[in-house]
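Trainee: I have a new model open and would like to go through it with you. Let me start with one residue and work outwards.

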Amino acid sequence: MKFIAIIPARYASTRFPAKPLAVLGGKTVIQRVYEQVSAVMDDTVVATDDERIYEAVKSFGGKVVMTSTEHRSGTDRCREAYIRQGEEFDVVINVQGDEPFIRRSQIETVKRCFDDEKVDIATLVKPFTEADGLEALENPNSPKVVLDDECRALYFSRSVIPYLRGVPREEWLAKHTFYKHIGLYAFRTRALMEVTSLPQSSLEKAESLEQLRWLQNGYKIGVGISDVETIGIDTPEDLARAEEFLKHHTEFN
């Protein structure tokens with residue numbers, strides 16, 4: 001199978017404008033993401049809506065395509081970028097442009113999901129640990145996932161799922177393995193073309209989770225389990241934490 005990674009990178013951001021061009025350890029964030037991903041993919045392309053990002057990617061020798069400023073999601077931007085790049089691939093992996101520490105193992109885990117011919121889309125989860133604490137489990141900004149016996153997603157929710165009846169909440173993490181969703185998606189090319197043409201579903205609107213549109217329309221989402229959680233960069237404070245992380249993880253230098 002042939003895999004292409006597409007990295008959506010917007011200039012505008014409410015919490016951190018120009019985030020892809022922020023400098024982290026002497027390189028821009030988008031360059032770090034690109035280098036991590038391209039090392040394990042058949043091809044890698046940045047999808048942007050801004051000339052400054054376009055030129056920055058060109059300057060370090062990366063592949064980049066200009067896309068519309070009107071997209072509602074990174075998935076929609078991925079579709080346009082895939083069409084514009086012009087080659088055919090079996091699977092498109094959508095890698096967030098603010099994940100400079102994405103690991104090779106995470107990408108390989110997602111790729112292996114497509115060994116299952118029934119899988120249309122793939123994503124990652126990480127088990128919550130007791131050390132994470134109940135506050136992390138109950139955080140609505142950290143979606144949870146329930147899996148079936150074939151490691152496919154049954155449901156995603158901002159609520160804690162499943163509910164452990166008869167068990168005190170403070171014991172939940174000790175009594176059950178809960179899964180935290182990691183926002184890395186991969187699509188068979190056919191599925192990417194189809195899901196981006198679907199209207200928002202009722203479940204998607206209820207939880208504000210795009211992946212529920214896909215489940216509600218019958219798509220099979222394979223789930224890879226990772227023990228790695230990367231540092232995403234959403235704010236200038238996150239960038240400062242990432243700089244500190246970089247000092248202690250020389251494999252990213």
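Trainee: Leaving aside neighbours within four places in sequence, which residues is E210 in contact with?

Mentor: E210 is in contact with S73, T75 and E204 once those neighbours are left out. Contact here is heavy atoms within 4.5 Å. Before we go on: this is a predicted model, where local features need pLDDT of at least 70 and side-chain atom pairs count only at pLDDT 80 or more, while totals for chains, interfaces and linings use all residues. Residues are numbered from 1 along each chain as its sequence is written, and side-chain values use heavy atoms, with hydrogens and water left out.

Trainee: OK. How far apart are E210 and S73?

Mentor: Their C-alpha atoms are separated by 8.7 Å, with the two positions 137 residues apart along the chain.

Trainee: And where is E210 found, and is E210 buried or exposed?

Mentor: E210 is in the loop between helix 8 and helix 9. Helices (H or I, at least four residues) and strands (E, at least two) are DSSP runs, numbered from the N terminus. E210 has a relative accessible area of 17%, so it counts as buried. The cut-offs are under 20% for buried and over 50% for exposed, with partly exposed in between, using a 1.4 Å probe and protein chains only.

Trainee: What about S208, buried or exposed?

Mentor: S208 lies in the loop between helix 8 (202–207) and helix 9 (211–216). At 52% relative accessibility, S208 counts as exposed. Its phi is positive, about 55°, although it is not a glycine.

Trainee: What other residue has a positive phi although it is not a glycine?

Mentor: C151 has one of about 60°. Most residues other than glycine have a negative phi, and most peptide bonds are trans. C151 sits in the loop between strand 8 (144–147) and strand 9, and because its relative accessibility is 28%, it counts as partly exposed.

Trainee: Where is the cis peptide bond, then?

Mentor: It joins I161 and P162, with omega about -5°. P162 is in the loop between strand 9 (153–157) and helix 6 (172–175).

Trainee: Back to cysteines. How many disulfides does the structure hold?

Mentor: It holds 0 disulfides. The nearest cysteine sulfur to C78 is that of C113, 17 Å away; a disulfide would need a pair of cysteine sulfur atoms within 2.5 Å.

Trainee: Why is C113 not bonded to C151?

Mentor: C151 has the closest cysteine sulfur to that of C113, but the separation is 7.2 Å, so it is too far for a bond. C113 is buried, at 12% relative accessible area, and C78 is buried too, at 1%.

Trainee: Which residues does V119 touch, apart from those up to four places away?

Mentor: V119 touches C113, F114, R152, R188, K220 and G222. V119 is in the loop between helix 4 and strand 7 and is buried, with a relative accessible area of 1%.

Trainee: Which residues of helix 4 are buried?

Mentor: In helix 4 (residues 104–112), they are Q106, I107, T109, V110 and K111. These pack against several elements, among them strand 1 (3–9), helix 1 (29–38), strand 7 (121–127) and strand 10 (179–188).

Trainee: How many residues of helix 1 are buried?

Mentor: Helix 1 is mostly covered, with 7 of its 10 residues buried. They are V29, I30, Q31, R32, V33, Y34 and V37.

Trainee: Now the whole chain. How many helices and strands are there?

Mentor: The protein has 10 helices and 11 strands. Of its 253 residues, 52% are buried. Among contacts with a separation of 6 or more, 69% are between residues 24 or more positions apart.

Trainee: What is the radius of gyration of the protein?

Mentor: It is 18 Å, which agrees with the value near 18 Å for a compact globule of 253 residues. The radius is taken over C-alpha atoms, and the globule rule is 2.2 Å times the number of residues to the power 0.38. Along the principal axes the C-alpha trace spans about 60 × 40 × 30 Å.

Trainee: Last one: how many positive and negative side chains are there?

Mentor: There are 33 positive and 41 negative side chains, and the centres of the two sets lie 1 Å apart. Lys and Arg count as positive and Asp and Glu as negative, with His and the chain ends not counted; each charge is placed at NZ of Lys, CZ of Arg, CG of Asp or CD of Glu.
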